[in-house]
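Open the model in your viewer and keep the sequence panel in view. The tour below goes from one selection to the next.

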Amino acid sequence: MTDVTGAPADVLHTLFHGDQGGHEQVVLCQDRASGLKAVIAIHSTALGPALGGTRFYPYATEAEAVADALNLARGMSYKNAMAGLAHGGGKAVIIGDPERDKTEELLLAYGRMVASLGGRYVTACDVGTYVADMDVVARECRWTTGRSPENGGAGDSSVLTAFGVYQGMRASAQHLWGDPSLRGRTVGIAGVGKVGHHLVEHLLEEGARVVITDVRREAVGRISDRHPAVQVVADTDALIRVEGLDIYAPCALGGALNDDSVPVLTATVVCGAANNQLAHPGVEKDLADRGILYAPDYVVNAGGVIQVADELHGFDFDRCKAKAAKIFDTTLAIFARAKEDGIPPAAAADRIAEQRMHEAAAARGR
Ligand SMILES: NC(=O)c1ccc[n+]([C@@H]2O[C@H](COP(=O)([O-])OP(=O)(O)OC[C@H]3O[C@@H](n4cnc5c(N)ncnc54)[C@H](O)[C@@H]3O)[C@@H](O)[C@H]2O)c1
């Protein structure tokens, strides 16, 4: 999956003619009364209605917003396909500063735009939007998920996201060391926010040694107070160099795996929750060349989307947890395919996802 960038004409050319385009539908939305400006991108509905969150972000240009919506929507097609969901991929972006521009009127207007698509796109939270916002959007649009429990939703998705990442780690251990147990392994977590702190609990419960870092002192304090045995290091740069690190879990921002970090990584496995960990195409090969096993981010962090998809049918935690547990088998299948095809796991995951989408489209006569 490579990036769509550039001016509107370039974006349109890529969309209609380039290998990275092929989106089914892109909708530009405007509501002058509330100031809403949004882009809804539907990449694929081959597996079912497109599902993906709404990003609220102060894009520098409208072209940047369109390009981001296109990239994120494509990413959701792959993520949903690999999670075994009956959903295609879509994503929306609202142009603006969420702190300043987010109002009830704007979210309601956005809900009407999503509703106008008649269920081809189902929306949820992403960067800059929260369960309380989805509660508002849902007043105008039944194709909204990621709502609060008080409003019939499943609430915070980080519990199952962390559980899925933990399953990805166990699968990595199985593949590499012939045993899924993480007992006695050293795991470094960069970012102990909503997902990262749940991950710490899973790892400690299994007897792993945990090293953490976070830019927020209170996030580190919350863990240290409860678990004094957890080692804290100053920053991510120190974490990735920790002697004897077995697994590195990026759980903060994207781009953690790049030309600076990969050469100095001491871990033999990378498996974390952050989206878009590979800073640019080719990094997956650099990891493989160093003998580092990379569990693809969008596969292991799918617990959240599994939860929001489940909410559409009346949320059931145990059913969802059982689905998220399958991330173990999916991750193992990706490693096996990578070995078979002689390609890095990230490329193998893309291949399997594409195959699922093509087969579903063919079955529907498309
Ligand atoms: N929450 C979910 O269900 C979910 C689902 C899929 C993917 N993700 C991805 O997982 C990642 C974590 O999500 P979250 O919900 O826990 O977010 P969060 O904001 O609660 O946690 C992120 C943590 O990373 C820390 N951080 C930021 N920059 C850092 C840096 N340079 N070094 C160290 N720590 C840093 C923050 O202080 C924060 O504590 C994000 O990339 C998110 O997109 C989350």
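**Stop 1: a pair of strands**

Select Thr186 and look across to strand β7, where Arg209 stands opposite Thr186. Keep in mind that the model on screen is a predicted one.

Now widen the selection to strand β6, residues 186-190, and strand β7, residues 209-213. The two strands run parallel, and 5 bridges join them.

Stay with β6. Is this strand mostly covered or mostly uncovered? Strand β6 is mostly covered, as 5 of its 5 residues are buried. Colour its two faces separately: Thr186, Gly188 and Ala190 lie on one side, and Val187 and Ile189 lie on the other. Both faces are covered, and these residues are all buried.

**Stop 2: the ligand**

Next, select the ligand and show the residues around it, of which there are 18. Which residues come nearest? They are Ser157, Thr161, Val195, Asp214 and Ala252. Colour the shell by residue type and it divides into 7 nonpolar, 8 polar and 3 charged residues.

Three side chains are worth showing as sticks:

- Ser157: one of its polar side-chain atoms lies 2.8 Å from an oxygen atom of the ligand.
- Arg216: a polar atom of this side chain lies 2.8 Å from a ligand oxygen atom.
- Thr236: an N or O atom in the side chain is 3.4 Å from a nitrogen atom of the ligand.

Turn on the surface of the ligand. On its own, the ligand has 830 Å² of accessible area, and the protein covers 75% of that. To see which elements give two or more residues to the shell, select α6 (158-177) and α7 (194-205).

**Stop 3: two cysteines**

Last, select Cys251 and Cys271 and draw a distance between their sulfur atoms. How many disulfides does a search of the whole structure find? The search finds 0. Cys251 is in no disulfide, and the nearest cysteine sulfur, that of Cys271, is 8.4 Å away.

Why is there no bond here? A disulfide is a covalent bond between the sulfur atoms of two cysteines. To count as one, the two sulfur atoms must be within 2.5 Å. The sulfur of Cys271 is 8.4 Å from the closest cysteine sulfur, that of Cys251, so it is too far away for a bond.

Are these cysteines buried or exposed? Cys251 has 12% relative accessibility, so it counts as buried. Cys271 has 0% and therefore counts as buried too.

Terms used:
Residues numbered from 1 in each chain as written. Predicted model: local features only at pLDDT ≥ 70, side-chain atom pairs only at ≥ 80, totals over all residues. Heavy atoms only, no water. Buried < 20%, exposed > 50% of the residue type's maximum accessible area, 1.4 Å probe, protein only. Near = heavy atom within 4 Å. Polar contact = N/O pair within 3.5 Å; in protein donor to acceptor, adjacent residues only side chain to side chain. Areas by Shrake-Rupley, 256 points an atom, 1.4 Å probe, with all protein chains shown as cover. Helix = DSSP H or I, 4+ residues; strand = E, 2+ residues; numbered from the N terminus. Nonpolar A, V, L, I, M, F, W, Y, C, P; charged D, E, K, R; others polar. Pairing = 2+ DSSP bridges.
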